[in-house]
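Open the model in your viewer and keep the sequence panel beside it. The stops below can be selected one after another.

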Amino acid sequence: MASNSTAAAAANGAPPAAEPEDPLKKAKKDAKAAEKAAKKAKAAAKAEATKAAASAPKATNSKKQALAAEAEEKKNKAREDVKAATDAAKATPKGQKKQLAGDEMSSYHPEYVEAAWYDWWEKQGYFKPSTEENGKPPFVIVIPPPNVTGSLHLGHALTNAIQDTVVRWKRMSGYNVLWVPGTDHAGIATQTVVEKQLKQEQPPRSRHDLGREKFLEKVFEWKDSKGNRICDQLRRIGSSVDWERLVFTMDAPRSAAVKEAFIRLHRDGLIYRDNRLVNWDCSLRTAVSEIEVDYEDITAPTMMNVPGYKEQIEFGVLTSFAYKFADSDDEIVVATTRPETMIGDTAVAVHPEDPKYQRFHGKHVKHPLDGRLLPIICDAELVDMNFGTGAVKITPAHDPNDFATGKRHNLEFINILSDDGSITAFGGQFAGQPRFKARVTVVDWLKELGLYRGVAPNAMRLGVCSRSKDVIEPVLKPQWWVSCNNMAADARAAASDGRLQIIPSEFNATWNRWLDNIRDWCISRQLWWGHRIPAYYVSLQQTENGVESGQPGAPSERMDCWVVGQDEADAQAQAQAKFPGQQFTLQQDEDVLDTWFSSGLFPFSVMGWPQLTADLSRFFPGALLETGHDILFFWVARMVMLSLQLTGQIPFKHVYLHSMVRDAHGRKMSKTLGNVVDPIDVIQGISLQGLHDTLAGGNLDPQEIQRAKEGQKADYPNGIEECGTDALRFALVFYTSQGRDINLDIQRVISFRHWCNKLWNAIKFGMLKLGGFEPGSPPQSLEGLPFACAWILGRLNACITTVVSSMENYDFSAAASALYDFWQYKLCDVFIELVKPIMDDRQEGLEHLRPHFQGTLCLCLELGLRLLHPFMPFVTEELWQRLPKAPTRGSSSSPASLMVASYPEPVPAWDSPKLEAEMTFLASIVSGAGKLRTEYKLAQSKRPQLTITCSDAARAELIKARSLDITTLALAGSLQVLAADAKAPEGCPVSLIDETTTVYMLLGSGDVDHAKELEKHLKEQEKQEERIQQLEKRISMPDYVDRTPAEVQEKDAEKRHKYQVELAAVIEQIAQSQKLLGRCS
């Protein structure tokens, strides 16, 4: 195969020389030599300049110092002006409209921009819905209530950024919008924080020292002192909620709703009392929900810290020991990861078909602790005869699988753990020992008895409470449970028949899987902070048919001795009816309800349920729930189940599941990693030391604090730069996508803060060019408009169409991307640049175009800000207030605020595919010229001439007609379009646009690097040949003609012709470059 240079020479008609030197290699060699010489010259010049500077008079230095001092003084003056304007804005009386700063605010400053607007919006009533019939369709959304325990994190910021974007868009689109705010009492989290504070007091105290009532007073005091922080953060983020409807999940109306829901569900048989396994936290001494359990995969023997133990505890090992048969010397070996639980064993299970153990069916082994007999049971459901010894110890009160086995075989259930995790009196010699100490002493005891058979590594999943970090224990406890099967079936049907839409739709499978495999829900929590369960235990003073009434919460508890009522008087009446003629005392359940129970009522309890209020009639069910997919089951499914059961309606029509926010490295946000960031710190900026200070006062131990500080130092060595609310919101929405995680790099937020300055400068430019201009109604068509004006309106219309469509489909990232693209690449980079020569008084003959350009510029800026407002509310309001605005249709004035301006709608008459195609072609010329400027590192001030050859007559005329646009955007001094038969210039940098058009940039003869040009053309030749080869390969396939549609074959033929023409043009340029290189050498 001929080399590229030989092929190019042949194409030029020149015979190949004998063993010619490769021009490319020679060019590279020459370039290297030239670079070396240039470096020498540069070094010499630098040395000369240094020498000259040293011998220059001191006055020169004095002058430089004076200029530097003057520049610094100007900077200081500018900073002082900005601070003064910011202070004045922040001093705006609460609720009054801010006075806009003038020229002193020459650039974007988020602290100034965000001052005063929120309070003014709220005072004007813009956040509130109309409670009267106004013809507007309702749009209702409730906030996922953040825990009252502390401050919001970036996940909350994402939630509220998305919700507020939707809410503002709907409000501007003509909906009667209600967004209800609220906070959650967060039972375990809040009680834990307050109990830790009590322990830190002098003297240290526990909640039991205070008593229930005094302790609850303490928690409410803490809530009142800390709860406002969350509301302040929501305001800073710009959340336009109706603050007059702020609720708390433990306020009086919500508490009444919780009590009523419990009573109704109990009456309907959906809440019942039973003695079943729960996830027990021995540190917190309460049952916890599955969402509060983190599972750690342990692949090898591992020593771990456990709260309450000085020594580390080993996990990931399997201990084997033997049970001796009661009637022989035979033994059966079992294995466990929790040897201490053997105290509560009540059977040994084998597979019924396992030949090893068939002779032991029906026999018993003797428990070495107390001599009780444990039956050998056959259970094919539990036992895998090929795993381990094929025999399984059964502890029904402390293992979910064993619990089910115990129910199937009617085994005894022995609870060996006290609430604090110590061994109960049933443990005999081990009674009172902490469970993990007992783990060691039990093994030692088995060794002494000769029953120990060894230990082996064992991979396992260990459940750890996310709040206390304690190891979760399955424990048998009498608790209140919700029967979920029927409600789950109703919730599943709602999603299947379309009444409920889950977005993204792939989570429907998760929804169905969870609901199909749902288990009954334990709603009892052994806490004081929360909704106390409205159930009362009836303690009979005499036995009933010889049966004692027992103690509530103890093994002796009788499940039939409970009554449920609104208050003690109601319970008294029910107890008298249930046990007529009996003497009894009543004792209210000490436990509270799972926080998720009250949260599950939130969409309708906030509307006043169970009362039939006007709000419930007008605003329920809601339109949307926006939340994270991690609580799809724990919260969303339960809301749907409870709403269908208690109101007969779905609580909302759409569920949008947002992304999870992770750090820049893709790691989950964790305090111990130091990557949990308060959104306020991103908004207003924070030093590294400030970040370190945020770790104090939390729940981290000293080692974890040090590790977190190291993480902060690695990720934020200089702290976090002030970004502002708008940049944070836009970054979160821009990078969110349905169901996927966001790896949020703070640098991205900073880049959008700089982009806010781009918006600021665009409006500043507009105000400069729109002085005295009074906008009229938008044009109804593009007819009569200059090319650039018609084109930008088409792009604006495309942006409106994409944004509205994307918002309707909850594709917020696509909407944000479309807005960024329009403002950055269409309006600022192109149209505003094209406005400049038109509005330049030095340009003659363009005066008649100025009104068109002014009107179009004003319209694009104004509608562009409307489009952007839901995403970036503060900066858009600030800038919109400065623009001249046309009166609202049917009115003599414009809206008072951008918040209540109408959202732009597509205008079909602004669409022009022809204009877009023409501008796309012109942009390719500008891009080609821009690449040449970049290649030759031309300064902004340098304006070379462009010469263009174009074999398409229509395109050639378009280039001529739009020459001012091209030279403006390409930073060219002039433009010449050659006639079809004219000879192209030689010795110029060349950019091949397509098969019809080539751009030549005229530079000085010494400025052109012919070796670089040749190298570029050879790479282009290789690229073109590869494209042709791939296309030819596809076309030459045997079944191409038969299986390829005619229109595709036609397009392929057009592509082949286009590629071949472009290749010929490249080969011609190669020949010319080789020729010029030959001359230079």
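Which residues does Val334 touch, not counting residues up to four places away in sequence? Select Val334 and show its surroundings: Thr319, Ser320, Phe321, Tyr323, Val348, Thr389, Ala391, Val392 and Lys393 are the residues it touches. Val334 sits in strand β11, which covers residues 331-336. Is Val334 buried or exposed? Its relative accessibility is 0%, so Val334 counts as buried. Add Leu318 to the selection and draw a distance between the two C-alpha atoms: Leu318 and Val334 are 16 residues apart along the chain, and the separation is 9.9 Å.

**The whole chain**

Zoom out before going further. This is a predicted model, and colouring by pLDDT is a sensible next step. The average pLDDT of the protein is 89, and 91% of the residues score at least 70. Where is confidence lowest, and where is it highest? The low end is helix α1, residues 4-11, with a mean of 37, while helix α17, residues 602-605, is at the high end with 98. Select residues 1-20 as well: pLDDT stays under 50 there, and the model has 12 contacts beyond four places in sequence for this stretch. Where pLDDT is low, the predicted coordinates should not be read in detail.

With the whole protein in view, the C-alpha atoms fill a box of roughly 115 × 80 × 80 Å along the principal axes. A cartoon view will show 34 helices and 33 strands. Of the 1081 residues, 50% are buried. Among contacts between residues at least 6 apart in sequence, 76% join residues at least 24 apart.

**The largest cavity**

How many cavities of 30 Å³ or more does a search of the whole structure find? The search finds three. The largest cavity holds about 60 Å³ of space. To see its lining, select Val140, Ile141, Val142, Pro603, Met607, Phe619, Phe620, Gly622, Leu624, Pro651 and Phe652. Colour that selection by residue class: 10 of the lining residues are nonpolar, one is polar and none is charged. Strands β1 (138-142) and β26 (622-628) each supply at least two lining residues. β1 gives the most, with three.

**Thr725**

Move to Thr725, which is placed in helix α23, residues 725-734. Thr725 has a relative accessible area of 1% and is therefore buried. What is Thr725 in contact with, leaving aside its neighbours within four places in sequence? Show Glu114, Arg236, Ile237, Ile683 and Phe874 as sticks; these are the residues in contact with Thr725.

**Backbone exceptions**

Most residues other than glycine have a negative phi, and most peptide bonds are trans. The next four stops depart from that pattern, beginning with two cis bonds.

Select Ile503 and Pro504: the peptide bond from Ile503 to Pro504 is cis, with omega near 0°. Pro504 is in the loop between β19 (501-503) and α14 (507-516).

Next, select Trp609 and Pro610, which are joined by a cis peptide bond with omega about 15°. Pro610 is found in the loop between α17 and α18 (614-619).

For positive phi, go to Ala186, where phi is near 50°. Ala186 lies in the loop between β3 (182-183) and α7 (187-200). Is Ala186 buried or exposed? With a relative accessible area of 6%, Ala186 is buried.

Then select Lys469, whose phi is near 70°, again a positive value in a residue other than glycine. Lys469 lies in the loop between β17 (460-465) and β18 (473-482). Lys469 counts as partly exposed because its relative accessibility is 47%.

**Residues 1011-1071**

For the last stop, select residues 1011-1071. UniProt, in an unreviewed entry, places the feature "domain: Valyl-tRNA synthetase tRNA-binding arm" at these positions. How much of residues 1011-1071 is helix, and how much is strand? The span is 90% helix and 0% strand. Draw a distance between the end C-alpha atoms of residues 1011-1071; they lie 12 Å apart.

How values were computed. Residues are numbered from 1 along each chain as its sequence is written. This is a predicted model: local features need pLDDT of at least 70, side-chain atom pairs count only at pLDDT 80 or more; totals for chains, interfaces and linings use all residues. Side-chain values use heavy atoms; hydrogens and water are left out. UniProt positions are given in the numbering used here, feature names are shortened, and annotations may be inferred rather than shown by experiment. Helices (H or I, at least four residues) and strands (E, at least two) are DSSP runs, numbered from the N terminus. pLDDT is the predictor's confidence in each residue, from 0 to 100. Contact means heavy atoms within 4.5 Å. On a 1 Å grid over the protein atoms alone, a cavity is a set of points where a 1.4 Å probe fits but cannot get out, and a pocket is an open set with protein on both sides within 12 Å along at least five of seven lines; lining residues have an atom within 4 Å of a point. Grid points are joined across faces, edges and corners, and a volume is the space filled by probe spheres set on the points. Ala, Val, Leu, Ile, Met, Phe, Trp, Tyr, Cys and Pro count as nonpolar, Asp, Glu, Lys and Arg as charged, and the others, Gly among them, as polar. Buried means under 20% relative accessible area, exposed over 50%, partly exposed in between (1.4 Å probe, protein chains only).
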